[in-house]
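Here is an informal walk through one protein model, written for someone who likes to know the cut-offs. Have the sequence and the coordinates open while you read.

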Amino acid sequence: MPKTTQALIHVYTGDGKGKTTAALGLALRAAGHGLHTYVGQFMKGQEYGELQAAKMLGTDDRGRPLLTIAQFGKPTLIHREDASQEDIQLARVGLASALQAMLSGAYEIVVLDEVNVALYFELLTVQEVLAFLDQKPPQVELVLTGRRVPQEIVDRGDYVTVMEEVRHPYQKGIKARKGVEF
């Protein structure tokens with residue numbers, strides 16, 4: 001199985017659409033080379049299309065899924081001012097699960113989807129996420145997504161991409177569509 005020579009840290013942020021999509025695109029590209037990706041989705045408990053796609057993507061020759069997605073959020077959206085102890089607990093469980101996946105040797109890529117928003121909502125602390133980054137094995141590519149990323153996380157990124165919103169269908173009253181936004 002191919003291995004990367006030096007695994008890096010990606011940060012996908014900004015107010016535009018495409019942060020999770022970019023991370024999942026990386027996972028799809030990696031799967032094409034037989035690499036395994038773990039995606040921990042923070043603050044997400046809804047049925048997103050990528051959950052079904054991961055099942056369809058298949059397994060390697062040993063029967064291991066090429067893409068594993070775990071959700072750590074309630075099935076409803078929350079607002080920053082409404083974050084509860086349960087939301088904090090789910091985020092901490094998510095970070096611990098992602099750490100276990102990252103250290104397991106089973107994944108070449110680990111994605112912390114919406115972790116930056118979890119930081120903004122104060123479900124996790126910057127120190128907790130920096131401590132996570134400090135434990136990154138050299139062979140694991142790490143991706144952090146979500147808007148409102150703290151500068152300390154930006155400073156640790158090898159790739160930092162800011163998705164800028166120029167126009168969005170929501171501005172015209174168009175609601176989220178299956179397969180495009182979720």
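Contact here means heavy atoms within 4.5 Å. The model is a predicted one, where local features need pLDDT of at least 70 and side-chain atom pairs count only at pLDDT 80 or more, while totals for chains, interfaces and linings use all residues. Residues are numbered from 1 along each chain as its sequence is written, and side-chain values use heavy atoms, with hydrogens and water left out.

**The sheet**

Helices (H or I, at least four residues) and strands (E, at least two) are DSSP runs, numbered from the N terminus. Two strands pair if DSSP finds at least two bridges between them. On that basis there is an open sheet of six strands, in the order 3-2-4-5-1-6, with parallel pairing. Strand 3 (67-72) and strand 6 (159-162) are at the edges with a single partner strand each, so one side of each has no neighbour in the sheet. From one strand to the next the twist averages 15 degrees; for such angles, axes are lines fitted to C-alpha atoms (for helices over the stretch in contact), and values run from 0 to 180 degrees between N-to-C directions.

Now for strand 1. Strand 1 (residues 9-13) runs parallel to strand 5 (residues 141-145), with four bridges joining them. Ile9 has Leu142 as its bridge partner in strand 5, and Tyr12 has Thr145. Another four bridges join strand 1 to strand 6, again in parallel, and there Tyr12 stands opposite Thr161.

Buried means under 20% relative accessible area, exposed over 50%, and partly exposed in between (1.4 Å probe, protein chains only). Five of the five residues of strand 1 are buried. In a regular strand the side chains alternate between the two faces of the sheet. Here Ile9, Val11 and Thr13 point one way, and His10 and Tyr12 point the other way.

**Helices on the sheet**

Helix 1 (residues 19-31) packs on the sheet, touching strand 1, strand 2 (37-42), strand 3, strand 4 (109-113) and strand 5. The direction of helix 1 makes about 145 degrees with that of strand 1. Helix 5 (residues 126-134) packs on the sheet too, touching strand 1, strand 4 and strand 5, and its direction makes about 160 degrees with that of strand 5.

**A few residues up close**

| Residue | Place | Relative accessible area |
|---|---|---|
| Ala27 | helix 1 | 1%, buried |
| Thr37 | strand 2 | 0%, buried |
| Thr145 | strand 5 | 0%, buried |
| Glu114 | loop between strand 4 and helix 4 | 17%, buried |
| Arg148 | loop between strand 5 and helix 6 (151-156) | 47%, partly exposed |

Which residues does Ala27 contact, leaving aside its neighbours within four places in sequence? They are Thr37 and Leu67. Thr37, not counting residues up to four places away in sequence, touches Ala27, Ala30, Leu66, Leu67, Thr68, Tyr107, Ile109 and Val111. Ala27 and Phe72 are 45 residues apart in sequence and 19 Å apart in space, C-alpha to C-alpha.

Leaving aside neighbours within four places in sequence, the contacts of Thr145 include its bridge partner Tyr12. Thr20, Ala23, Asp113 and Glu114 are also among them.

Most residues other than glycine have a negative phi. Glu114 has a positive phi of about 70 degrees although it is not a glycine. Arg148, likewise not a glycine, has a positive phi near 60 degrees.

**The largest pocket**

On a 1 Å grid over the protein atoms alone, a pocket is an open set of points where a 1.4 Å probe fits, with protein on both sides within 12 Å along at least five of seven lines; lining residues have an atom within 4 Å of a point. Grid points are joined across faces, edges and corners, and a volume is the space filled by probe spheres set on the points.

How much space lies in the largest pocket? The value is about 1500 Å³. Its lining has 48 residues, and Thr20, Lys44, Tyr48, Glu114 and Glu181 lie nearest the centre. Helix 1 gives the most to this lining, with six residues. Helix 2 (49-57), strand 3, helix 3 (85-103) and helix 4 (115-120) each supply at least two.

By class, the lining has 22 nonpolar, 13 polar and 13 charged residues. Ala, Val, Leu, Ile, Met, Phe, Trp, Tyr, Cys and Pro count as nonpolar, Asp, Glu, Lys and Arg as charged, and the others, Gly among them, as polar.
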